[in-house]
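Hi,

Here is the structure I promised to pass on. Have a look at it first, and then read my notes underneath.

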Amino acid sequence: MTTHKAHCLILPYPAQGHINPMLQFSKRLQSKGVKITIAATKSFLKNMQELSTPVSIEAISDGYDDGGIYQAESFAAYITRFKEVGSDTLSQLIETLTTPGCPVSCIVYDPFLPWAVQVAKKFGLASAAFFTQSCTVDNIYYHVHKGVLKLPPTDVDEEISIPGLVTIESSDVPTFEINPESARILEMLVNQFSNLDKVDWVLINSFYELEKEVIDWMARIYPIKTIGPTIPSMYLDKRLPNDKEYGLSVFKPMTDACLNWLNHQPVSSVIYVSFGSLAKLEPEQMEELAWGLRNSNKNFLWVVRSNEESKLPKNYLEELKLASENKGLVVSWCPQLQVLEHKSIGCFLTHCGWNSTLEAISLGVPMIVMPQWSDQPTNAKLVKDIWEMGVRAKQDEKGIVRREVIEECIKIVMEEEKGKLIKENAKKWKELAKNAVEEGGSSDRNIEEFVSKLVTIS
C-alpha cells in the first residue's frame, strides 16, 4: 500500500487553459509522493473528449451541471452561484476524503475562485493560490487591485510604468471585449488578490529566469514560488515517464492527419497557426489571415475550430485540397505539443495565450504574435521586446491585422536576418526552461520546498 506524504486537493477554474497547468503541477507533486485529488466541475467533466490522467479526479458542482458558464444567464450570475454551490460541494468532498486514512492537508486553488481560502480555513487546511497567467500579468492586476492602475487605460498613448516591469504602452496591457460583462470579468481578475494575505503559498506558472525582475518585486509582498513551465515532462526534463499529454481535453485532436502531413514537409518550413480554445476571430480577420497565409507561399498547418470554420473564405478549403503543391492543411484541433516539437515547424502564429506561449518557449519555437484579448497583449509584448523570440503582427485602426502585415511577419521570421536572431533566442529560452524543471533547477527546488513544508503540516 502506498504511503503518501501529504494530500493536496486541487481546485481549478473550469476552463481548458486553467486546468492544464494545474494538472501538470499535480503530476509533479504526485511523483514526489503527494496524494492528489482534482476537484473538477460536473459540467466540465461532461465535455471531456479525453480523460486519461494518473491523478484522481472527483466532481463538484458550480450550480450549472448541464452547461457550466454557458447555462448561466450572465458571467456575474455564474461566479456568484459557483461560490455558493462550489463552497458547499467542495466542503462535502473534503469530508468524504477524510475517511480513507490520508485526509486533505492543503487546497491548491485557482485565484479566480478566492472563496476556496474560506473553505480551507473552515477545515484548518493550508492553502496555495496557483496563478495560471504570467507573473507580469499578475503584477498588472495587483496594481489595479491597489488602485495604482486603471484598466483600460484612459489615454491611448499612455506609457505605464510599474515596479519590476519595463515601461509598457496602453496597447500592451490586458484588454477585454467592450460589453456589459467586461467589468465583472475585470473585477474577478482583480479579486484574485482580495485575500492573498491569508494563503500559505503563491504559486506562479512561470520560471524565475523568464521574469526575474517582476518575480523579485512581487516576492517582497507575497510568498511567491515559480513552479513552471507546467507542460508534460517528456518535452522538458523527461523525469516523469510517459508524460506526453495533459490528459484532459475538451477537443479531440486530429493527430494522425496532422503528423502524417507534417512528416512530408521539409525541416523548419511550416507555419503552425492556432488561436487556442476560446478566441473567436471576426469574419474579416479570418479572411485576412486566410489570404495572408496563402499569399506567403509557405507551408502552413492551421487550427480552425469547427464552430469557427464558417468564417473561412468561400471555397477556401476546397481550393487548398485541390492545390497540387499541398501547401496548407486546416484541421479542427491538433496535438499542439507534438506539432510544436516536430522538426518541420518553422514558427508559431499564435494568439499568445499563456499556455501556448510557455509551450513555444519550452520547445524553442519562434513566434508571430497576434494577441486578441485578456492577458495576450502583455504576453505579446514580452515575446517581442523582452525575450526577443518573435514579432508582433500589428492591427490597423479597425483592429484588423491585414494580410500584407501577416505576410511580412512570416517573411521576417522565416527568411530574414532578424529571424535568425529570433531563432537563437528561442533556443536559449528553451534551454533555460528545461534547466528550471530539471533536478536542482529553480522551479524544481521550489516544488521540493513546497512538498517538504506540506509534509510538516500534514
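Below is what I found, going roughly from the start of the chain to the end.

One thing to keep in mind: this is a predicted model.

**The N-terminal part**

UniProt, in an unreviewed entry, lists residues 9-48 as "domain: Glycosyltransferase N-terminal". In the model that span is 52% helix and 28% strand, and its end C-alpha atoms lie 20 Å apart.

A bit further on, have a look at helix α3 (residues 75-97) and helix α6 (residues 182-190). Their axes come within 9 Å and cross at roughly 35°. On the α3 side the contact involves Phe 75, Ala 76 and Ile 79, and these meet Arg 184, Ile 185 and Met 188 of α6. By class, that contact has 5 nonpolar residues, 1 charged and no polar.

**Around Ser 443**

Ser 443 sits in helix α16 (residues 442-457). Is Ser 443 buried or exposed? With a relative accessible area of 0%, Ser 443 is buried, because anything under 20% counts as such. Leaving out residues up to four places away in sequence, Ser 443 touches Ser 206, Phe 207, Thr 226, Ile 227, Gly 228, Ala 436 and Val 437. One of those, Gly 228, is joined to Pro 229 by a cis peptide bond, with omega about 0°. You'll find Pro 229 in the loop between β10 (224-226) and β11 (248-249).

**Two serines with positive phi**

Ser 268 has a phi near 55°, which is positive even though the residue is not a glycine. Ser 268 lies in the loop between α8 (255-263) and β12 (270-274), and at 40% relative accessibility it is partly exposed.

Ser 374 also isn't a glycine, and its phi is positive at about 55°. This serine is in the loop between β16 and α13. Here the relative accessible area is 11%, so Ser 374 counts as buried.

**Helix α13**

That loop brings us to α13 (residues 376-386), which is mostly covered, with 8 of its 11 residues buried. The buried ones are Gln 376, Pro 377, Thr 378, Asn 379, Ala 380, Lys 381, Leu 382 and Val 383. What covers them? Among the elements that do are α5 (135-145), β8 (168-169), α12 (354-362), β16 (367-369) and β17 (390-392). After α13 comes Glu 388, with a positive phi near 50°.

**Cavities and a pocket**

How many cavities of 30 Å³ or more does the structure hold? There are 4, and the largest has a volume of about 80 Å³. Its lining is made up of Phe 275, Gly 276, Ala 279, Leu 281, Met 286, Trp 302, Val 303, Val 304, Arg 305 and Glu 308. That gives 7 nonpolar, 1 polar and 2 charged residues.

The second largest pocket has a volume of about 410 Å³. It is lined by 23 residues, and the closest to its centre are Leu 340, Leu 363, Gly 364, Val 365 and Lys 430. Two or more lining residues come from each of α11 (336-341), β15 (345-350) and α15 (417-437), and α15 gives the largest share, 6 residues. By class, the lining of this pocket has 10 nonpolar, 5 polar and 8 charged residues.

That's everything from my side. Happy browsing!

Conventions
Residues numbered from 1 in each chain as written. Predicted model: local features only at pLDDT ≥ 70, side-chain atom pairs only at ≥ 80, totals over all residues. Heavy atoms only, no water. UniProt positions renumbered as here; feature names shortened; annotations may be inferred. Helix = DSSP H or I, 4+ residues; strand = E, 2+ residues; numbered from the N terminus. Axes fitted to C-alpha atoms, helices over the stretch in contact; angles between N-to-C directions. Contact = heavy atoms within 4.5 Å. Nonpolar A, V, L, I, M, F, W, Y, C, P; charged D, E, K, R; others polar. 1 Å grid on protein atoms, 1.4 Å probe; cavity = no way out; pocket = protein on both sides within 12 Å on 5 of 7 lines; lining within 4 Å. Points joined across faces, edges and corners; volume = space filled by probe spheres on them. Buried < 20%, exposed > 50% of the residue type's maximum accessible area, 1.4 Å probe, protein only.
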